[in-house]
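Colleague: Could you take me through one part of this model in detail, the pairing of the strands, and then follow the thread outward to the charged pairs? I would like one connected account rather than a list.

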Amino acid sequence: MTWAGDEDPEEGGSRRIRPFLGASPPVPVPETEPEPGAPRPFVLTSGRVPVAHPDIGLETQITARPHGYSRLAGLPREQQAIVAVCAEPISVAEIAARLHLHLGVTKILVGDLRAAGYLEVHSMDAVQPTDIDTILRVIHGLRALA
Amino acid sequence: MDSVLSREQPAQRAPVPVKIVVAGGFGVGKTTTVAAISEIAPLTTEAEMTSAGVGVDEPGMMTGKTTTTVAMDFGCVTVDRSLKLYLFGTPGQSRFGFMWDDLTKGALGALVVVDSSRLDDCFPAVDYFEQIGLPFVVGVNAFHGRLAHNLQDVRWALAIDDSIPVVAYDARDRLSVRDALLAVLDRALAKAQAQLSGGRP
C-alpha cells in the first residue's frame, strides 16, 4: 500500500534517520490487508498527516469536558466515540486501541476535538523523566505490589 | 472545525502518566512481560509507518515509499491515585524509523528483553537506547529458570557497558517482571541523580 501525498511525514519536525537504518538493507515487513469495507485510516482525517501535535503523545491523558456531551450530535461518528471514551481519564494509545483507530489518526482527531473544546489534553501534567521524586514514587509503588 | 464550547470550565483532573518501554525482537516475550504485570489485559495500538522503499534513488525520480502498519502492545499499572505507569512494547520489526522517537520520548527507561538463544535480535534496541541516552536494562527471559548462556556470556556477546545491568527474569511472573522494571528504575534514578549533581549521567 503506497501513500500518496505532498507531505512526507519523515520531513516534518526534526526527524533524522536513525544511524542503524543506513547500515543494512531494509527488511521487508508484511503488509496488513485492510478490512474489506473499512475506510482507509487517513480518510477519517481528510488526508492530513500526523506530523501533528508534539504535546499529544502515546501516554498523554485526555478527558472529556462535561459540557461537550450535549453537543455531540453534530460530530462525525468516530469523534463522538472518542469523546465518549474520555469520560474518565484515558491515554491516547488507549483511545486508539479501544476504538480500533490508527494512532496517527487518533492524535489528529484528539487535536481537533481539543481545538473545538470537547476534550482536555493534559500535556502540561507530563513530568520530566528525570524527575527524581516521580521515579521514587514509581519505585515505591512497584515495591508495594504483592 | 469551529470552536463551539466555552473554555471557562474547570478541568477534570487526570493522573500523571509515566512510561517504560519494553523492547526486543520478535517472540522474545515482550507482550508476556507486559501482560504479567498490567492491570488491564494488554491492548494493541496500530500505527502507520512510512519506510523507505527498497531500491536505488535516481535523480529526478521519487523515492518509492511504502506504508506499513505496526502494532504495539501495551499495558498499565496504577502506581497511586495520581500516577500511572504505562508499559509499551515495541513493534516486532526491528527497523521502524520515527515511531521509536514517539515511543521513547519522555520515557523513564527501557527493558530490553532478550531470548538467550537469539541474542542478535536485541542489537537495534541496545544501539538505539545507547545513542539517545535512555536508561535501560537487559532482561534475559529465562524459561523455567534455565538459561542457554549464563549472564556473563550474554553481557560479553552484547558488548554493552559494564554499568548496564543484565538480569534474568521470568516474563510470565508478575513479581519477576516487577523486579526487572525496578532494575530499570534504578538506572533511571542513577541518571537523574547524576544530572542533578552535574555529573555525567
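Modeller: In this predicted model, strand S1 (residues 16-23) of chain B pairs with strand S4 (residues 83-89) of chain B in the parallel sense, over 7 bridges. S1(B) is also joined to S5(B) by 4 bridges, and these two strands again run parallel. B:Val21 takes part in both pairings, since its bridge partner in S4(B) is B:Phe88, while in S5(B) the residue opposite B:Val21 is B:Ala110.

S1(B) is mostly covered, with 8 of its 8 residues buried. The residues that point one way from the strand are B:Val16, B:Val18, B:Ile20 and B:Val22, those that point the other way are B:Pro17, B:Lys19, B:Val21 and B:Ala23, and burial holds for all of them. B:Lys19 is thus among the buried residues, on the side that also carries B:Val21.

Across from B:Val21, B:Ala110 belongs to strand S5 (residues 109-114) of chain B. B:Ala110 counts as buried because its relative accessibility is 0%, where the cut-off for burial is under 20%. Apart from neighbours within four places in sequence, the contacts of B:Ala110 include B:Ile20 and B:Val21, as well as B:Phe129, B:Leu134, B:Pro135, B:Phe136, B:Val137 and B:Val184. By contrast with these contacts, B:Thr44, which is 66 residues from B:Ala110 in sequence, is 19 Å from B:Ala110 in space, taken C-alpha to C-alpha.

The setting for these strands is a chain with 5 helices and 7 strands, which follow one another along the sequence of chain B as β-α-β-β-β-α-β-α-β-α-β-α. Of the 201 residues of chain B, 53% count as buried, and of the contacts in chain B with a separation of 6 or more, 69% are between residues 24 or more positions apart. The accessible surface of chain B comes to about 9,200 Å², with 52% of that area belonging to carbon and sulfur atoms.

Turning to the charged pairs, side chains of opposite charge can pair when their charged atoms come close. The whole structure holds 10 salt bridges over all chains. Within chain B, B:Arg118 forms one with B:Asp115, and their closest N and O atoms are 3.5 Å apart. B:Asp115 counts as buried because its relative accessibility is 10%, whereas B:Arg118, with a relative accessible area of 32%, is partly exposed. A network of salt bridges links these two residues with B:Asp121.

Other salt bridges connect residues of two chains. One of them is formed by A:Lys107 and B:Asp102, with the closest N and O atoms 3.4 Å apart; A:Lys107 lies in helix H3 (residues 103-115) of chain A and B:Asp102 in helix H2 (residues 99-104) of chain B, so this pair joins two chains. A:Lys107 is buried, at a relative accessible area of 9%, while B:Asp102 counts as partly exposed at 21% relative accessibility, a value that falls outside the burial cut-off of under 20%.

B:Asp80 and A:Arg137 also meet through their side chains in a salt bridge, at 3.0 Å from N to O. This pair crosses between chains as well, from strand S3 (residues 65-80) of chain B, where B:Asp80 is found, to helix H4 (residues 132-143) of chain A, which holds A:Arg137. B:Asp80 is partly exposed, with a relative accessible area of 27%, and A:Arg137 also counts as partly exposed, at 32% relative accessibility.

Methods: Residues numbered from 1 in each chain as written. Chains lettered and ligands numbered in written order. Predicted model: local features only at pLDDT ≥ 70, side-chain atom pairs only at ≥ 80, totals over all residues. Heavy atoms only, no water. Buried < 20%, exposed > 50% of the residue type's maximum accessible area, 1.4 Å probe, protein only. Contact = heavy atoms within 4.5 Å. Areas by Shrake-Rupley, 256 points an atom, 1.4 Å probe, with all protein chains shown as cover. Pairing = 2+ DSSP bridges. Salt bridge = Lys/Arg side-chain N within 4 Å of Asp/Glu carboxyl O.
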